[in-house]
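Colleague: Could you take me closely through the helix packing in this one, and then through whatever sits around it? Please spell out your cut-offs as you go.

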Amino acid sequence: MVFYNDNALKSFLSDKTKNKAVIYDVKFYNKLIENPEILDKIHEGKCIIELHDKKLTASLSQKQFSNPFFQVDKKSFPNGIQRVKFQLDATLKKNYSSQNVIGFVEGSSKSDSVIIISAHYDHLGTMGKKVYFPGANDNASGVSMLLELVKYYSQKENTPKFTIVFMAFGAEEIGLIGSRFFTENPLFPLKKIKFMINLDLLGTGDDGMTVVNATLHPEEYNKLLEINETLKLLPAIKRRGPAANSDHFYFSEKGVPAFFFYTLGGISAYHDVMDRPETLPLTKFKEVFSLITNFVKKI
Ligand SMILES: [Zn+2]
């Protein structure tokens with residue numbers, strides 16, 4: 001077993017990592033990846049252990065490492081060398097299929113332009129038999145909002161002007177696969193999309209909300225601010241530029257005007273087992289609902 005920290009990087013390069021466990025502090029990771037030689041050396045190790053100070057955050061990958069890779073909370077990792085037994089049984093399922101679930105509510109106008117409201121319904125699944133990631137905020141909250149909106153617009157008195165297409169995307173967490181698939185195999189020309197509203201992480205709101213792509217569409221962003229000012233819904237609506245952080249991304253890349261909304265504040269659970277319905281506050285859920293329905297009227 002080899003133990004490396006910042007001071008020992010040089011000796012690391014002259015040492016052999018084959019058949020050894022490589023342990024490093026994630027604080028130094030950026031420094032490590034600057035040098036491909038170091039990265040190769042890490043991946044030659046029989047097993048890789050990355051020590052974290054902050055909370056552990058899970059994610060999925062489309063690739064499988066050939067060697068076991070562990071992220072470990074530094075507090076539970078004793079100093080010095082320790083024998084640990086762990087059975088890891090991981091198989092990458094290639095060509096696994098997922099589904100997008102799509103429906104629509106017909107609008108009252110004769111226009112064939114549509115508005116898209118979307119939310120991904122997948123999350124991180126399980127790890128072994130005992131660890132389960134419920135994904136209450138990410139993204140049962142967005143799917144709940146989408147279903148509330150489906151219910152609302154299905155009522156005759158709330159018929160929207162433009163047809164609204166509701167899209168629940170699969171395989172977002174592993175790299176926006178469901179939404180990318182739709183943009184590459186659209187059911188109708190993407191040019192018909194007047195605007196897209198993507199919902200992901202809507203379970204809080206104590207500190208307001210962020211709008212990704214706000215800088216691309218200042219006119220629409222100002223409409224959100226106006227509605228919020230008039231109806232006094234959220235403490236803040238922050239603006240942000242483009243980001244490849246949810247299902248709006250590939251639509252944006254293809255020229256579809258799109259916003260991604262996520263709420264701010266409240267809980268810190270994210271991509272971990274603590275993201276549970278019992279502790280999700282849904283602080284501004286009604287207010288965000290009201291913001292969306294009012295915004296749709298003004299698009
Ligand atoms: Zn998400």
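Modeller: I'll set the scene, go through the helix contacts, and then turn to the core and a few backbone details.

First, the ground rules. This is a predicted model, so to speak of local features I ask for pLDDT of at least 70, and side-chain atom pairs count only at pLDDT 80 or more, while totals for chains, interfaces and linings use all residues. Residue numbers start from 1 along each chain, following the sequence as written.

The protein has eight helices and 13 strands (DSSP runs numbered from the N terminus: H or I of at least four residues for helices, E of at least two for strands). Its C-alpha trace spans about 70 × 40 × 35 Å along the principal axes. Of the 299 residues, 31% are buried (20 or more other C-beta atoms within 10 Å of a residue's own; 12 or fewer is exposed, in between is partly exposed, and the C-beta atoms are placed from the backbone). If you take contacts with a separation of 6 or more, 78% of them link residues 24 or more positions apart (a contact means backbone-placed C-beta atoms within 7 Å).

Now the packing, starting with helix 6 (residues 218–231) and helix 8 (residues 285–298). Their axes come within 10 Å and cross at roughly 125° (axes are lines fitted to C-alpha atoms, for helices over the stretch in contact, and angles run from 0 to 180 degrees between N-to-C directions). That angle makes helix 6 oblique to helix 8 (under 35 degrees is roughly parallel, over 145 roughly antiparallel, 65 to 115 roughly perpendicular, and the rest oblique). The crossing of this pair is right-handed (the near helix is turned clockwise from the far one by less than a right angle; anticlockwise would be left-handed). On the helix 6 side, the contact uses K223, L224, I227, N228 and L231, and helix 8 answers with S290, L291, N294, F295 and K298. Sorted by class, that contact has five nonpolar, three polar and two charged residues (Ala, Val, Leu, Ile, Met, Phe, Trp, Tyr, Cys and Pro are nonpolar, Asp, Glu, Lys and Arg charged, and the others, Gly among them, polar).

Helix 8 also meets helix 4. Here the axes come within 11 Å and cross at roughly 50°, so this pair is oblique too, and the crossing is right-handed. M145, E148, L149 and Y152 of helix 4 sit against V288, F289, I292 and T293 of helix 8. By class, this contact has six nonpolar, one polar and one charged residues.

On to the core. In soluble globular proteins, nonpolar side chains tend to be buried together. Here the largest nonpolar core has 51 residues, and L146, V211 and F261 touch the most other members (a nonpolar core is a set of buried Ala, Val, Leu, Ile, Met, Phe, Trp, Tyr and Cys residues joined through C-beta atoms within 7 Å). Helix 4 (residues 136–154) supplies the largest share of this core, seven residues. Skipping neighbours within four places in sequence, L146 is in contact with I117, A119, F166, A168 and L199. Another core lies apart from the largest one, with five residues that include I23, Y24, L32 and I42.

Helix 5 (residues 177–184) deserves a stop as well. I177, G178, S179 and F182 are buried in it, and their cover includes strand 6 (114–120), strand 9 (163–169) and helix 7 (249–253). Leading into helix 5, L176 belongs to the loop between strand 9 and that helix. L176 has a positive phi of about 55° without being a glycine, and 20 C-beta neighbours inside 10 Å make L176 buried.

There is a second non-glycine case of this kind: N95, with a positive phi of about 60°. N95 is in the loop between strand 4 (69–73) and strand 5 (101–105), and N95 is exposed, with 4 other C-beta atoms within 10 Å.

Back in helix 4, have a look at the D138 to N139 link, which is a cis peptide bond with omega about 10°. N139 is part of helix 4, so I'd call that spot up on your screen.

Technical notes: Two residues are in contact if their C-beta atoms, placed from the backbone, lie within 7 Å.
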